[in-house]
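Here is a friendly tour of one protein model, written to be read with the structure open beside it. Rotate along as the text moves from loops to helices and then to the empty spaces.

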Amino acid sequence: TPVPDYLAEVLDGVVADRSGRVADYIPDLADADPEVLGVAVTTVAGRTYAAGDADVEFSIQSISKPFAYAAALTDRGTEVVDATVGVEPSGEAFDELSLEGGTHRPKNPMINAGAIAVHHLLVGPDATGAARVERVVDFFSELAGRRLTVDESVYRSELDTADRNLAIAHMLRNYRVLSEPAAEVVDGYTRQCAVNVTVRDLAMMGATLANAGVHPVTGRRVLPAAVARRTMSVMAGSGMYDGAGDWLVRVGIPAKSGVAGGMLGALPGQLGLATVSPRLDAHGNSVRGVAICERLSRDMGMHLMEAE
Ligand code: GLN
């Protein structure tokens, strides 16, 4: 079967599953069309295959976290980043208010506490909020291979109801993890999460990670190989939050989910893959996205721990 037909068939296989719920803690996301369904795969050789709603935009949300982490590692180096945020799976929900005992570091950059701290590290110690936002939007755009923009409506809507992230940021500020007022950092982080993407964009971004930091189409080195390796490692351990262990066993691909319904996978040396379907399971991961990734992993032998 040609790849696009195969991908369309994979979508057909999950379309009947209407379980899960669209995220509604961000008012704007509650209005998302729950039937949107798309998939894209980009190989490290730069070929993209897609099916379904591959050109529908949605906000990147938490899928921004691994890429912001990669940018912060590139900007500030491993030592500074490690001093601020750990790499241990938290086994907790994405929005948990918790820090590592003793060090007061967020446990990893994939939960909100870690991602807010990482956003604050971007560019340099004296960077303005605007410079940090520009850094991530430029970086995401370079990875995607087209100009991406912030969805102002999603951004406003999330900021209006960002009490929990503000609480997390105040906690970080209390321990001097943040050197600026909590509200300023949450503002930038919320913009980072509101960048609009398609599954084609995400598959390309994932393929760049999988290709050790070299963009598969432009051939440009977008991030150091060591940063790509570390980012995929952290995705493997914590990308699916409190569902990460189960995910690693069943699918075996470093991945990241977002509350707008997107999912990103990166298989080192092979490909980037992305899905969109807004209904989420109890962990905040896309129900159909998880099912599609399971199927692709099985059919194409993509599990990392498989010998061949
Ligand atoms: N912007 C969202 C938040 O901070 C991202 C969460 C997610 O996608 N899991 O709550």
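## Backbone turns, helices and open spaces

A212 is found in the loop between α8 (199-210) and α9 (225-238). Keep in mind throughout that this is a predicted model. The phi angle of A212 is near 60°, a positive value in a residue other than glycine. As for its surroundings, A212 counts as partly exposed, at 33% relative accessibility.

Why remark on the sign of such an angle? Most residues other than glycine have a negative phi.

Another case sits in the loop between β4 (58-59) and α2 (64-84), where Q61 is placed. Phi of Q61 is near 50°, again positive in a residue that is not glycine. Is Q61 buried or exposed? With a relative accessible area of 2%, Q61 is buried, as the cut-off for buried is under 20%. A third positive phi, of about 75°, belongs to V123, just after α3.

**Helix α3**

That brings us to helix α3 itself, which spans residues 112-121. How many of the residues of this helix are buried? The count is 10 of the 10, so α3 is largely enclosed by the rest of the structure. If you would like to select them, the buried residues are N112, A113, G114, A115, I116, A117, V118, H119, H120 and L121. Which helices do they pack against? The partners are α2, α4 (129-144), α6 (163-174) and α7 (182-193).

**Two residues in helices**

L159 has its place in helix α5, which covers residues 152-160. The relative accessible area of L159 is 23%, which makes this residue partly exposed. Leaving aside neighbours within four places in sequence, L159 is in contact with V186, D187 and T190. To take one of these partners, V186 is 27 residues apart from L159 in sequence, while their C-alpha atoms are 8.0 Å apart in space.

S297 is in helix α11, made of residues 287-300. Its relative accessibility is 4%, and S297 therefore counts as buried. What does the side chain of S297 reach? It reaches the backbone oxygen of V251, at 2.8 Å. Apart from neighbours within four places in sequence, the residues in contact with S297 are R250, V251, I253, M302 and H303.

**Cysteines**

A disulfide is a covalent bond between the sulfur atoms of two cysteines. How many disulfides does a search of the whole structure find? The result is zero. C193 is in no disulfide, and the nearest cysteine sulfur, that of C293, is 20 Å away. For a disulfide the two sulfur atoms would have to be within 2.5 Å. C293 is likewise in no disulfide, with the sulfur of C193 as its nearest at 20 Å. C193 is buried, with a relative accessible area of 1%, and C293 is buried too, at 4% relative accessibility.

**Pockets and a cavity**

Now for the empty spaces. The table lists the volumes together.

| Space | Volume |
|---|---|
| Largest pocket | about 260 Å³ |
| Second largest pocket | about 160 Å³ |
| Largest cavity | about 80 Å³ |

Lining the largest pocket are 16 residues, and those nearest its centre are L29, A32, E57, F58 and S59. By class, this lining divides into nine nonpolar, two polar and five charged residues.

The second largest pocket is lined by 10 residues, with L267, Q270, G301, M302 and H303 closest to its centre. Its lining has five nonpolar, three polar and two charged residues. Two of the names may look familiar: M302 and H303 are among the contacts of S297.

How many cavities of 30 Å³ or more are there? The count comes to one. Of the 13 residues that line the largest cavity, Y25, S62, F94, N112 and V259 are the closest to its centre. N112 is also one of the buried residues of α3, which links the cavity to the helix described above. The lining of the cavity is made up of six nonpolar, five polar and two charged residues.

Terms used
Residues numbered from 1 in each chain as written. Predicted model: local features only at pLDDT ≥ 70, side-chain atom pairs only at ≥ 80, totals over all residues. Heavy atoms only, no water. Buried < 20%, exposed > 50% of the residue type's maximum accessible area, 1.4 Å probe, protein only. Helix = DSSP H or I, 4+ residues; strand = E, 2+ residues; numbered from the N terminus. Contact = heavy atoms within 4.5 Å. Polar contact = N/O pair within 3.5 Å; in protein donor to acceptor, adjacent residues only side chain to side chain. 1 Å grid on protein atoms, 1.4 Å probe; cavity = no way out; pocket = protein on both sides within 12 Å on 5 of 7 lines; lining within 4 Å. Points joined across faces, edges and corners; volume = space filled by probe spheres on them. Nonpolar A, V, L, I, M, F, W, Y, C, P; charged D, E, K, R; others polar.
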